[in-house]
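Please open the structure in your viewer with the whole chain shown as a cartoon, and keep a selection tool ready. The stops below each begin with something to select.

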Amino acid sequence: MPSSAGSNTTATTTISTVGPPSRRNTELALLAFAVILPCFAYANVGLALNGEMPSGMLGYGLGLGLLGGVGHLVVRKFAKYADPLLLPLATLLNGLGLVMIWRLDQSERLARLAKAQGFVFQPSAPNQLMFSALGIALFVGVIIFLKDHRILQRYTYISMVVALILLVAPVFFPGKFGAKIWITIPGLGSIQPGEFAKIILAIFFAGYLMVKRDALALASRRFMGLYLPRGRDLGPILAVWALSLVILVFETDLGSSLLFFGMFVVMLYVATERTSWIVFGLLMSAGGAAVVGSVEPHVKVRVMAWLHPFAVYDNPRPSWATTEQIAQALFAFGSGGVFGTGWGQGASDLIQFAANSDFIFASYGEELGLAGAMAILLIYGLIVERGMRTALAARDPFGKLLATGLAAAFGIQVFVVAGGVMGLIPLTGMTMPFLAQGGSSVIANWALIAILIKISDTARRPAPAPAPSPDAEMTQVVRP
């Protein structure tokens, strides 16, 4: 017995000391690749535009490497068992986004357009690099100070109140580009609170559904192969559905409505394992979108622009065809072909200020082609997959639901942005995570990655060795 217990303890110790460094070394190697690849892209842009290496290439490479290195050291210290892919994937996307934003900053066409519209063209890349640093700082803060993700469960209803405040606040500020999704602070610029609200809402949904999942899983009758929920259990989904419609009507924000409602339905399905919730969610989503799309003018214009993207070139032009950005985005994807025109050799700046919106994905589609666009979507898919894998590995129900909600929110946001730019769904106006210029987006998404890393660290951490049985100890003591 003593020798067996000693061997088990030795095995446990060996696993604990060998496993984490190997995983962190893998993360470091992937992180080096995630820094080198954007540096090559940066060099390609400079050679294509000016025929020489860009002067700021060394500073860019060192800055991106420093940000990724700081994140890696903190993860190695405070989350040694965490998933080794999440940090390198996010760093790669952030680096590629900085390259494309800097490439569009060099456009003379955009500078002339800004001058014609009466304002000075300001480069976006320096601000994006600053916001990336702030995002890494928040990432580090979450990794260090969030000792256990289960602490967030204590703030279930507080998070609901905070999320509602963040969602309602933009109504009292002037809208931009037809939507009221920004809070303007004099001297500091604009903040998009919906980016932070998606994380806080995921915390609320996870805490609420963990407590109510048994009641929500009950069914009163079976109809056409589906378990129909009881009437009083429809309350939560009806409340979130109404909230998404309120956001859509008062803030004319189609993207956030799809994101929040879709995230809740996914988490509800995971919590209850009832397919009927998915069916109800899709029917309510389609019904609400149809009603609001036919009544709310801004949403109706976007639907018409989606159905007839080239109507802007008709003669006479329809009154609702006010912009040619959607058509130019489709032209950009078409001219890119399979392998693209090459970094810095496209004309996606014809879409106008693409770096500040979801249209930046069309810039990648033109200059990197179908292959490059699919590679970017694959990177996004890997982040979602690692988030779902973390949910599967989590030992506690709150962690499972929270990881599912965060991964679903990230994936839904990528879908609605890429789908809108490519013409699959109406344009939503949301920000492409890590790629498009936007301080709120990059900071919030770094926080999202940090929470997933903390959940994965807890899920992958070896369970402590069981304490020896008191009866066994007594037997060893009294045995001659």
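Throughout this tour a residue is called exposed when its relative accessible area is over 50%, buried when that area is under 20%, and partly exposed in between. Please keep in mind that the model is predicted.

**The whole chain**

Begin with everything selected: the protein has 17 helices and four strands, and of its 480 residues 49% count as buried. Among contacts between residues at least 6 apart in sequence, 73% join residues at least 24 apart. The accessible surface comes to about 22200 Å², and 68% of that surface belongs to carbon and sulfur atoms.

**Helix H5**

Now select residues 125–145, which make up helix H5; this helix has 21 residues and reaches 30 Å from its first C-alpha to its last, close to the 30 Å expected at 1.5 Å a residue. Colour Ala125, Gln128, Ser132, Gly135, Ile136, Phe139, Val140, Val142 and Ile143, which are the buried residues to look for in H5. If you turn the view to look down the axis of H5, these buried residues fall within an arc of 160°, so they line one face of the helix. On the other side of H5 you will find Pro126 and Phe145, which are exposed. To see what covers the buried residues of H5, add helix H2 (57–78), helix H3 (86–105) and helix H16 (439–460), which are among the elements that do so.

**Helix H13**

Next select residues 360–367, helix H13. How many of its eight residues are buried? The count is eight of eight, and the helix is accordingly described as mostly covered. The cover over the buried residues of H13 includes H3, helix H12 (325–336), helix H14 (369–393) and helix H15 (397–422). Just after H13, select Gly369, where phi takes a positive value of about 75°.

**Backbone details in two loops**

Move to the loop between helix H11 (297–307) and H12, where Pro316 lies. The peptide bond that joins Asn315 to Pro316 is cis, with omega at about 5°. Then go to the loop between H15 and H16 and select Phe434, a residue other than glycine whose phi is nonetheless positive, near 70°. Phe434 is buried, with a relative accessible area of 1%.

**Trp306 and its distant partners**

Select Trp306 in helix H11, which at 30% relative accessibility counts as partly exposed. Draw a distance from its C-alpha to that of Pro426: the two atoms are separated by 5.1 Å, although the residues are 120 apart along the chain. Apart from its neighbours within four places in sequence, Trp306 is in contact with Gly423, Leu424, Ile425 and Pro426.

**A nonpolar patch**

Switch to a surface display and select Val338, Phe339, Leu370 and Met374, which form a nonpolar patch on the surface with about 460 Å² of accessible area together. Within this patch, Phe339 lies in the loop between H12 and H13, and at 70% relative accessibility Phe339 counts as exposed.

**Salt bridges**

Finish with the charged side chains. Side chains of opposite charge can pair when their charged atoms come close. In this model the count comes to nine salt bridges. Select Asp83 and Arg460, which form one of them, with the closest N and O atoms 3.1 Å apart. This pair links distant parts of the chain, since Asp83 sits in the loop between H2 and H3 and Arg460 in helix H16, 377 residues apart. Asp83 is buried at 0% relative accessibility, whereas Arg460 is partly exposed, with a relative accessible area of 27%.

Then select Glu385 and Arg386, whose side chains meet in a salt bridge at 3.7 Å, N to O. Here Arg386 is buried, with a relative accessible area of 13%, and Glu385 is partly exposed at 30%.

For the last pair, select Asp457 and Arg461, which form a salt bridge with the closest N and O atoms 2.8 Å apart. Asp457 counts as buried at 3% relative accessibility, and Arg461 is partly exposed, with a relative accessible area of 34%. As a final selection, show Asp83, Glu385, Arg386, Arg389 and Arg460 together, since salt bridges that share partners join these residues into one network.

Note on methods: Residues numbered from 1 in each chain as written. Predicted model: local features only at pLDDT ≥ 70, side-chain atom pairs only at ≥ 80, totals over all residues. Heavy atoms only, no water. Expected span 1.5 Å × (residues − 1). Buried < 20%, exposed > 50% of the residue type's maximum accessible area, 1.4 Å probe, protein only. Arc of directions from axis to C-beta. Contact = heavy atoms within 4.5 Å. Patch = residues over 30% accessible without salt bridge, like charges linked within 9 Å, V, L, I, M, F, W, Y side chains within 5 Å. Areas by Shrake-Rupley, 256 points an atom, 1.4 Å probe, with all protein chains shown as cover. Salt bridge = Lys/Arg side-chain N within 4 Å of Asp/Glu carboxyl O.
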